[in-house]
Amino acid sequence: MTAAVFPEFVLGRLDGFEQGPWRIETGTTSRGGASCNLSERVLRVPLTTDDVARVVRAHELMHIRVSPFHREHVPLELDVSDRALECAEEFRVNYLLGQLGFDVSLLHDGTERLGAQRLAAGGQWDEAVCFFLAVIGTGGESDYLRGLRSAQATWPSALRALKKKVLSVVSQLDAAHIGGTDLTEEGFPRGFLHVTLPIARLVSRSMSAVGPVDPESLRTFRRSLEPGARRPPSGSFAPLVFDTSVDYVVRTRRGAHRRARPATCGTAMRYPSRLLTDPLQRAFAHKATVPGGVIVIDQSGSMDVTVDELDALLHNAPAALIVGYSHRPGDTGRTPNVWILARNGRIATSVRSGNVGNGVDGPVLRWALRAASAREPVVWVTDGQVTDSNDHPCHNLSVECARLVHEHRIHMVRSLRDVRGALRGRRASADSFGRVGRELPGIRGL
Amino acid sequence: MTSELTVGQCWSDVADVLDAGLRRVLLYGPPGTGKTFAALKLGLTKGISERLVCTEDLTSAEITGTWMPAGAGKWQWREGPAIRAWRNNAGRGGRLVVDEVDRASGDALSTLLAVTDSTESARWRNPETGQWVKPGPDFSVVMTTNSEDLDDISPALRDRFPVAIRIDRPHPHAVAVLSDDLKGPALNGSVGDVDRRVSLRSFYAFDQLRARLEPERAARLIFGEHAAQAILDALAIGALE
């Protein structure tokens, strides 16, 4: 005998969602075995008659009641990742179910402990945070924390601190507010805006942190949860997000940028008039070698690179591939952090300013090394202050960049004025390059 | 009042068609959506509607009339609902509602063909008086069927009804008497798959019964063991406040 489910009877939304016939598909009670597609009205739920299946069905019905059905109803914040929003919404739905008297302690499938052990053993702190949001208040919470403790003793304490903050978001609100679907002045569903979003902010911030491994890092993590606190160290670079909105124009090749220069000998007499006018009679054309290479420019706040300097470089290194980078601290991939300023004879029509932080030094250097042709130099304009995606200095990341510099003979220069010299092979002392510079001697000695 | 209680497109179509003066309309679709109720009421400003419920055993006598004993060894002709509808409203004609029309067969079907014909073509001779009777100018017929396949209806009969409207949800007026938390679900009770439909009548009964019994018990009695808990869960989640 299969159980019935009536998604068509879940009404009461005030955000314009149009109820209609639903297609029911058979799901399971295991994690990920049920889902709710609001845009196409497809409900996948377990249809067995046991109590667990009933609560899983109720969970999906609650999504029908409160979750945004339109992308425009989901506020996009630069610091909040989609994954964090998903997890926060799962928490809101479970919390509302509990408020309505459903036994959410039944929501566990027995995989929580093993799943937690695997996450902890693999050091996947960000996934551990997400998973935790989905099990808060359910029967799997204790097993989950026990599983984490087996490999990461401090993680459960950090997650309990997070839980306390998450519960403080909902504790002052009634169920009608938490599940409210009336649109605010900003055009977002009230419950989602006032509950899911603040929790997702906390989750995003926590996910981006490096998993606390000792009492000191645990204290740092706890402090980061306080309102207005600095983001915790992430210990990792952000992924590259290229700016695709940059416009380019073909570079004019005149004056110093001409690739053909007059010469006294050659195969084609290109400038016969010089036989009369030039004392050296340089009537032949000679193809000049213009310095190529890849120039990587750190445009973070500490570099203080001006637009005028960049503009001048674009014209003084005509054959180079020039790329600027700067990551917005805490950004979840919505803000571009790399932009190509010149490539293949085309230059950007305008030079954009940086996003304060570094955040992507390592990935952008690797990208530059891949982009450079054989024997082309890679020049890194930097002060050597490498930071993680939350703009914290990080020893491991500094070492990572120092290794790249050493192994691939990347030319480091302090300012754009030194770029031309570096393209011609001139090298600067490592002393002036902050943390990366300090790591280089040790790496060279290996 | 939530947006779910707005008048559905099907009911707007019915109102517009009747307002435009079309007098032959077929309403079809899932049961429990108030098709018959609407057929009896919508578009009528005066008089009452006459109603026929078709079955395989329906005879023409139940449509046009039959001889009845009048005492003292006499017999009297009693007109059936179709002829009464022709004559209603002081001869202007009233409304004839033919329910479950897909079930009509045999001589009932041939009689229905005659009485639902156009006002100009239809006529019938009273066997008692010998008088020829024609439908009044305002005579209208609304047929209803639960069948989703209109091929189940005789082509000749179908041809007399140029407008067929699928009614997929009850009219909001039909749920006005229900408690607020049941109005929306009652309107949506017929939009799901066949095995998940809950008729308007069930909601009426549940609303009445839960006033006396615990909701769980009332739901079990009305919706059955299989669906009761699921319906209560959906109602509770929908009524989140």
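## A strand in chain B, an interface and its salt bridges

In β8 of chain B, B:Val141 is the bridge partner of B:Leu96. This is a predicted model, and that pair is a good way into the fold of chain B.

**Strand β5 of chain B**

B:Leu96 belongs to β5(B), a strand that covers residues 95-99. The strand to which β5(B) is joined here, β8 of chain B, covers residues 140-145. The two run parallel, with 4 bridges between them. β5(B) also pairs with β2 of chain B, residues 49-53. That pairing is parallel too, and it counts 5 bridges. One of the bridge partners there is B:Arg95 in β5(B), matched with B:Ser49.

How many of the residues of β5(B) are buried? The count is 5 of 5, so the strand is mostly covered, taking buried as under 20% relative accessible area. Both faces are closed off. On one side sit B:Arg95, B:Val97 and B:Asp99, all buried. On the other side, B:Leu96 and B:Val98 are buried as well.

Just ahead of this strand is a backbone detail. B:Asn89 lies in the loop between α4 (81-87) and β5 of chain B. Its phi is near 55°, a positive value in a residue other than glycine. B:Asn89 counts as partly exposed, at 23% relative accessibility. Chain A has a case of this kind. A:Asp391 is not a glycine, yet its phi is positive, at about 65°. A:Asp391 sits in the loop between β11 (378-381) and α13 (395-407) of chain A.

**Where the chains meet**

The contact between the chains involves 31 residues of chain A and 23 residues of chain B. Together the two chains bury about 2400 Å². Carbon and sulfur atoms account for 67% of that area. On the chain A side, the most area is lost by A:Phe6, A:Phe9 and A:Leu11. These three together make up 30% of what that side buries.

Polar links cross the interface as well. The rule finds 8 residue pairs in polar contact there, both residues at pLDDT 80 or more. Three helices of chain A each supply at least two residues to the side that touches chain B: α1 (51-66), α2 (82-99) and α7 (175-178). Which of the elements gives the largest share? α1(A) does, with 6 residues. By residue class, the chain A side divides into 22 nonpolar, 5 polar and 4 charged residues.

There are 2 salt bridges across the interface. One of them links B:Arg196 to A:Glu8, with the closest N and O atoms 2.7 Å apart. B:Arg196 also meets B:Asp193 of its own chain in a salt bridge, at 3.8 Å from N to O. What is the burial state of B:Arg196, buried or exposed? B:Arg196 counts as buried, at 7% relative accessibility. B:Asp193, in contrast, is partly exposed, with a relative accessible area of 41%.

**Salt bridges in the whole structure**

Over all chains, the search finds 34 salt bridges. The table lists some of them.

| Pair | N to O distance |
|---|---|
| B:Arg196 and A:Glu8 | 2.7 Å |
| A:Arg31 and A:Glu112 | 2.8 Å |
| A:Asp331 and A:Arg328 | 3.7 Å |
| B:Arg196 and B:Asp193 | 3.8 Å |

Take the pair A:Arg31 and A:Glu112, whose side chains meet at 2.8 Å. Why does this salt bridge tie together parts that are 81 residues apart in sequence? A:Arg31 lies in the loop between β1 (23-26) and β2 (35-37) of chain A, while A:Glu112 lies in helix α3 (residues 112-121), so the bridge joins that loop to that helix. The two ends are not equally covered. A:Glu112 is buried, with a relative accessible area of 1%. A:Arg31 is partly exposed, at 39%.

The pair A:Asp331 and A:Arg328 comes next, with its closest N and O atoms 3.7 Å apart. A:Asp331 counts as buried, at 7% relative accessibility. A:Arg328 is partly exposed, with a relative accessible area of 26%. This pair is part of a network of salt bridges. The network links A:Asp79, A:Arg231, A:Arg328 and A:Asp331.

Terms used. Residues numbered from 1 in each chain as written. Chains lettered and ligands numbered in written order. Predicted model: local features only at pLDDT ≥ 70, side-chain atom pairs only at ≥ 80, totals over all residues. Heavy atoms only, no water. Contact = heavy atoms within 4.5 Å. Buried area = accessible area lost by both parts, 1.4 Å probe. Salt bridge = Lys/Arg side-chain N within 4 Å of Asp/Glu carboxyl O. Polar contact = N/O pair within 3.5 Å; in protein donor to acceptor, adjacent residues only side chain to side chain. Nonpolar A, V, L, I, M, F, W, Y, C, P; charged D, E, K, R; others polar. Buried < 20%, exposed > 50% of the residue type's maximum accessible area, 1.4 Å probe, protein only. Pairing = 2+ DSSP bridges.
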